[in-house]
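The following exercises concern helix geometry, helix packing and residue burial. Each task is followed by a worked solution.

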Amino acid sequence: MIYDLVSQINGVLWGAILVYALIAVGVWFTVRLGFLQLRHFGHMFSLLKNSRSANQAGISSFQALCMSLSARVGTGNLAGVAIAISLGGPGAIFWMWMIALLGMATGFAESLLAQVYKVRDANNEFRGGPAYYIKQGLNNPWLAGLFSCFVLFGYGFVFSATQANTIADALNHSYAIPVVYTALALTVLAAVIVVGGLRSIARFSELVVPVMGAIFVLMALGICIANWSAIPDLFWQIVSSAFGWQEAGAGTFAAALKNGIQRGLYSNEAGAGSVPQAAAAAAPTPNHPASQGYVQMLGVFFDTLVICTCTAFVILLANGSLSGEMEGIRMTQRAMTTHIGPLGGHFVALAICLFGFTSIVGNYAYAESNLHFFKLDTQWGRHGFTMVFLAMMFIGCNVQLRQVWATADMAFGLMAVINVVALVLLTRTVLSVTRDYQRQRLAGGKPEFQAAKCPVQGRTETDIW
């Protein structure tokens, strides 16, 4: 009954609204910002040089990037890619690439706004995100509160259940570990980290995420090098299947488009309004909102154009293809086993544990940030939320794959609808702040944001800048 209702909501969200809306907003900001993600591609990396510094009120830009990557780089990169291929064929990967390129501009806009409208909490830490720029920039506290509710529902209760479910399935498939044991272990480990709050999560992400990503990419590169002669045909298979040019792809264009975009958006989260929670927490270097926008664009690039591509190549080089039945992490495990033998299953099991667990921790940070919006970031409010978060993660391990992913898609979609509307309405602020940054940069100075000299929509609650 509940699953049928969720499926109907997803049918409306993903069939008639979100796919078009997220593509449109990506195109909108790509054009309005002058193809920023391509023109300033090198500048994104140059900002990483000084991104580890932070003041007492915030985490560093690098920590914010790692925290956003910890939430992004999870089951969507390993299981989600397999789902896209099993339901949409190789062509789904092409549409994942396209949505990532457009999503980089969207990610820039929402992260910039998160910095402009951020506030300080009782612990002198920065908080922000769509709820804050909707309330202040659009003067719409009702819509802001609704968005915060969806974040608390999605990241507090649903998305971590998705991650936990995939981890439990991978360990059960590889080692026959009972699901309940995995659920208990994940709950205890997550509790140890999240009780330390935002800074504890940021430090954990900074240490684990870069190493985790590098190992996975190096393994995938090794497999691609070993199968180098098959790479050109693989690219042609992806592109031709994306448009239904191949006989095998006839009639699958819609499936490739839908699943590629859906899984790509779920993985990189551009436009959903989730990453701004991490972006707002940063004390960026240079001290300008646009600099964090550039840094967070890298998150979309690494997540989809690097890590998801690695997973896709591993699966497709092992002859993984359209099956019509949803397949998750086990398809990725079979593919890796095909390439490197029994060690492959163990490697994927370890990777999904690390990827999924860092996502669980990152999800907590996103949801917990919205407690401040409702003035619930008290000691009892945090403890109560943490208990519910851990309980839902434990329950998620024991739910069927299709039900978990359907609920995650619904939560993601509800957030994205509100955020996309807000982003478009706040375009004037995005352009104003971006031009201010570029003007100072071209003048040879270190960009410094001064709110009095750069008009923005609405008013900030506190004079952060």
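**Exercise 1.** On which residue is the kink in α6 centred? Determine also whether the end-to-end span of α6 agrees with its residue count.

*Solution.* The model is a predicted one. Step one: α6 bends by about 30 degrees, and the kink is centred on glycine 103. Step two: the expected span is 1.5 Å times one less than the number of residues, so the 26 residues of α6 should span 38 Å. Step three: the end C-alpha atoms of α6 are 38 Å apart, which agrees with the expectation.

**Exercise 2.** Describe how α6 packs against α14, giving distance, angle, orientation, handedness and residue classes.

*Solution.* Two packed helices are described by the distance between their axes and the angle between those axes. Step one: the axes of α6 (residues 91-116) and α14 (residues 289-317) come within 7 Å and cross at roughly 160 degrees. Step two: angles over 145 degrees count as roughly antiparallel, and α6 is therefore roughly antiparallel to α14. Step three: the crossing of α6 past α14 is right-handed. Step four: sorted by class, the contact between α6 and α14 comprises 21 nonpolar and eight polar residues, with no charged residues.

**Exercise 3.** How many residues of α6 and of α16 are buried? Compare the span of α16 with its expected value.

*Solution.* Step one: α6 is mostly covered, with 24 of its 26 residues buried. Step two: α16 is likewise mostly covered, 22 of its 28 residues being buried. Step three: α16 (residues 342-369) reaches 42 Å from its first C-alpha to its last, close to the 40 Å expected at 1.5 Å a residue.

**Exercise 4.** Which residues of α11 are buried? Check the span of α11 as well.

*Solution.* Step one: the buried residues in α11 are Ile231, Leu234, Ile238, Ser240, Ser241 and Ala242. Step two: α11 (residues 231-242) has twelve residues, which should span 16 Å at 1.5 Å a residue. Step three: the end C-alpha atoms of α11 are 17 Å apart, which agrees.

**Exercise 5.** Classify alanine 202 and isoleucine 9 by accessibility, and relate each to a residue elsewhere in the chain.

*Solution.* Step one: alanine 202 lies in α10 (residues 197-226); its relative accessible area is 0%, so alanine 202 is buried. Step two: isoleucine 9 lies in α1 (residues 2-32); its relative accessible area is 28%, so isoleucine 9 is partly exposed. Step three: alanine 202 and threonine 106 are 96 residues apart along the chain, and their C-alpha atoms are separated by 23 Å. Step four: isoleucine 9 and methionine 410 are 401 residues apart along the chain, and their C-alpha atoms are separated by 6.9 Å.

Key
Residues numbered from 1 in each chain as written. Predicted model: local features only at pLDDT ≥ 70, side-chain atom pairs only at ≥ 80, totals over all residues. Heavy atoms only, no water. Axes fitted to C-alpha atoms, helices over the stretch in contact; angles between N-to-C directions. Helix = DSSP H or I, 4+ residues; strand = E, 2+ residues; numbered from the N terminus. Parallel < 35°, antiparallel > 145°, perpendicular 65-115°, else oblique. Left-handed = near helix turned anticlockwise from the far one by under 90°. Nonpolar A, V, L, I, M, F, W, Y, C, P; charged D, E, K, R; others polar. Bend = angle between axes of the 7 residues up to and from the residue. Buried < 20%, exposed > 50% of the residue type's maximum accessible area, 1.4 Å probe, protein only.
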